[in-house]
Amino acid sequence: MLTRRTALMGAAVAALVAMAPMALADDLKLPRQHVDLVAPPFVHPHEQATKDGPKIVEFKLTVQEKEVVIDDAGTKMWAMTYNGSMPGPMMVLHEGDYMELTLVNPATNAMPHNIDLHAATGGLGGGALTKVDPGEQAVLRWKATRPGVFIYHCAPEGMIPWHVVSGMHGTVMVLPHVGLKDDAGKPLHYDRIYYVGENDLYVPKDENGKYKTYESIGESYADTTEVMRKLIPSHVVFEGRVGALTGKNAMTAKVGETVMIVHSEANRDSRPHLIGGHGDYVWETGKFNNPPERDLETWFIRGGSAGAALYTFREPGIYAYVNHNLIEAVELGATAHIKVDGKWNEDLMKQISPASPIPADRVGAADPAIVTR
Amino acid sequence: MLIALKLKALTLGAATVTPLLVMAFTPPVAPKAPEGALMLTSGAFGYRVAGDFSLDGKPTTNPLQRIKIPRALVVMKNQVTAAEYARCMADRACPRVALPAGSRDVPIVGVSWHDATAYAQWISKKTGLTHRLPTDEEWSYAAAERAGDETLPVVDPADPAKAWLARYEAEAARGQPQVTTPQPAGTFGENSKGLADVAGNVWEWTDSCFLRVSLDGGRERVTNTNCGVRVVEGAHRTYMTDFIRDPRTGGCAAGVPPSNLGFRLVIETKTRLAFGS
């Protein structure tokens with residue numbers, strides 16, 4: 001059946017084929033910058049405010065299909081990833097810049113892939129112009145016109161949700177030229193940035209309740225879809241596995257440092273909360289032309305969006321950064337830790353008396369039997 | 001008063017003498033030790049006391065004490081297996097838990113202190129020998145060189161974060177077992193006392209309750225006994241609520257939990273057991 005959409009997409013592909021593949025975008029005559037990407041929770045080096053004019057920023061994403069372990073029990077699933085991590089890396093540029101993105105689908109993969117960038121305008125976010133079969137690559141240029149943090153994800157026809165919950169999503173951050181500002185227009189700056197990408201995963205179980213494994217990614221499709229359709233994830237995790245951001249992998253910060261945490265969920269709602277801390281400035285919907293909200297306890301990340309929170313640590317210790325659906329945090333895996341070094345501030349918190357027996361004269365105070373009338 | 005004392009002495013004397021006489025005439029047949037039981041001779045050892053200790057109202061390191069296991073300790077070489085627990089389940093004497101899909105010749109895991117205790121009562125009835133969970137002292141003695149002696153830094157109330165961070169680092173640095181699924185008996189080797197798989201990937205319930213102890217004035221005073229939380233032993237010591245079957249961390253709970261919860265039993269006997277065939 002030829003739908004209007006497939007017809008449009010067919011036309012787009014035909015247009016691409018007609019173009020000489022090596023004719024890269026030098027029509028703009030702008031300075032070029034090449035960026036090497038890093039895996040989450042880290043973000044490649046970048047300026048916050050910039051004096052540079054518009055430029056072309058080159059990124060490359062290589063799709064990797066592979067079997068990954070997603071918890072300490074050794075549960076395996078077939079992942080589809082941009083650059084090998086789930087989520088894929090964060091790509092940072094400034095408002096008015098052009099992103100020139102090379103999407104590579106090595107011949108070793110089994111599946112066609114593409115990329116839909118929520119920050120981009122037109123062409124199904126680029127999805128219509130980037131479909132690559134194994135052994136192909138495509139180059140897309142798009143202009144960053146809206147400042148904020150935005151999801152990108154794979155959107156192949158008919159299989160979009162499967163590709164997304166198999167790991168094919170990430171975030172683009174478009175910073176305002178002048179950098180971030182608070183609700184009163186005062187500049188905001190971060191000393192560190194972390195990108196926490198949340199994944200809802202749907203691993204099928206056998207009749208004994210054990211997680212199943214599959215010889216190939218294709219064989220996992222039918223069962224996985226069946227689990228997905230029930231909408232109850234088997235795992236809800238950060239950076240692709242339970243414990244990816246705890247223990248030896250915990251994030252770090254120092255008292256006095258301002259940390260930006262970008263949180264994305266490409267498919268499902270989430271509600272990040274920093275236990276023992278707050279969101280000093282939070283762009284809950286992730287778009288920097290809106291003033292940030294202040295002093296938040298928990299913020300809401302709509303499925304298919306990214307949000308950003310700025311927090312200056314005031315007290316040392318271990319902070320847990322969780323999805324405050326605590327069942328998902330504790331039972332399904334959506335917990336991260338931040339180790340914060342520095343000097344304890346007794347004004348903010350002090351233990352007046354550690355756990356000790358209840359004094360005898362207080363025991364009866366709440367006992368109705370001894371209340372005299 | 002004097003008479004009473006004399007009477008007491010007399011009864012005591014009788015009580016100690018009579019059994020000897022009986023024994024002289026009808027030598028009892030020593031019950032046969034079950035297969036896999038090990039007899040450890042009594043002895044003294046350095047024991048890091050379990051619980052939360054405080055001195056002058058401030059947390060302090062758990063004391064290291066020289067303690068004595070006064071009598072020979074009969075302990076099972078292996079942890080209780082899934083096959084053994086399944087038999088108790090089949091007898092409707094043990095709560096139902098998930099059994100492994102494959103071989104059942106692996107330690108039973110995913111069991112609570114209540115499950116373990118129910119099994120001990122069932123196997124005691126079956127064999128006529130009193131089986132029970134070891135105390136933490138007994139476990140540490142039997143575990144010998146495999147008993148951990150981890151003294152986590154104590155919290156300085158003026159800066160609680162320091163100890164907290166140090167504990168986190170220590171816990172994160174612990175080597176976690178490579179495999180978390182239960183393995184056949186012997187996979188993790190034997191210790192110097194012949195026990196198999198001590199401090200492998202299955203942590204073991206003990207019967208010891210969680211204690212809060214004050215060391216004020218140079219004497220030990222238990223200020224709180226919580227038997228809803230028991231001492232769990234393995235590659236590191238931890239304290240677990242008795243109905244927990246699946247240890248895990250997350251949310252506010254930082255640190256690394258045991259991989260699995262299982263158990264091993266000791267046998268209490270009034271007379272000596274006959275070992276060997």
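Okay, so S8(A) and S9(A): these two strands are joined by six bridges, and they run antiparallel. If you want one pair to look for, A:Tyr152 stands opposite A:Gly170 in S9(A). Quick reminder for anyone new to this: strands of a sheet pair through backbone hydrogen bonds, either parallel or antiparallel. And keep in mind throughout that what you have on screen is a predicted model.

Now zoom out a bit. What order do the strands of this sheet come in? Going across, the order is S4-S9-S8-S6 in chain A, so to speak a row of four strands forming an open sheet, with mixed pairing. The edges are strand S4 (91-94) and strand S6 (116-117) of chain A, and each of those pairs on one side only.

Stay with S9(A), which covers 169-175, and find A:Val172. Leaving out residues up to four places away in sequence, A:Val172 touches A:Met91, A:Leu117, A:Ala119, A:Phe150 and A:Tyr152. There's our A:Tyr152 again.

A:Val172 also turns up in the largest nonpolar core, which has 97 residues. A:Val172 is one of the residues there that touch the most other members, along with A:Met91, A:Met173, A:Val237, A:Ile261, A:Val262 and A:Tyr321. Where does this core lie? Both domain 1 (4-16 + 26-178) and domain 2 (197-341) of chain A give residues to this core, so it lies between them.

Let's look at those two domains, then. Their C-alpha centres lie 20 Å apart. On the contact side, 35 residues of domain 1 of chain A meet 39 residues of domain 2 of chain A. Which elements of domain 1 give two or more residues to that side? You'll find strand S2 (56-69), strand S3 (76-82), strand S8 (148-153), helix H2 (160-165) and strand S9 (169-175) of chain A. S8(A) gives the most, with five residues. By class, that side of domain 1 has 22 nonpolar, eight polar and five charged residues.

Chain A has a partner too. Here 29 residues of chain A are in contact with 24 residues of chain B. On the chain A side, the elements giving two or more residues are strand S20 (317-323), helix H4 (326-331) and strand S21 (335-341). That side splits into 13 nonpolar, nine polar and seven charged residues.

Over to chain B, and helix H3 (residues 113-127). Why do we say its length agrees with what we'd expect? At 1.5 Å a residue, the 15 residues of this chain B helix should span 21 Å, and its end C-alpha atoms are 21 Å apart. The buried residues of H3(B) are B:Trp113, B:Asp115, B:Ala116, B:Tyr119, B:Ala120, B:Trp122 and B:Ile123. They pack against helix H2 (82-90), strand S7 (130-132), strand S8 (203-214) and S9 of chain B. Just after the helix comes B:Gly128, with a positive phi near 75°.

Last stop: strand S9 of chain B, residues 221-233, where B:Thr225 sits. Is B:Thr225 buried or partly exposed? It counts as partly exposed, because it has 13 C-beta neighbours inside 10 Å. Setting aside neighbours within four places in sequence, B:Thr225 is in contact with B:Cys209 and B:Leu211. By contrast, B:Thr225 and B:Ala72 are 153 residues apart in sequence and 28 Å apart in space, C-alpha to C-alpha.

Technical notes. Residues numbered from 1 in each chain as written. Chains lettered and ligands numbered in written order. Predicted model: local features only at pLDDT ≥ 70, side-chain atom pairs only at ≥ 80, totals over all residues. Contact = placed C-beta atoms within 7 Å. Nonpolar A, V, L, I, M, F, W, Y, C, P; charged D, E, K, R; others polar. Domains from an automatic or database assignment. Buried ≥ 20, exposed ≤ 12 C-beta atoms within 10 Å, placed from the backbone. Expected span 1.5 Å × (residues − 1). Pairing = 2+ DSSP bridges. Core = buried A, V, L, I, M, F, W, Y, C linked by C-beta atoms within 7 Å.
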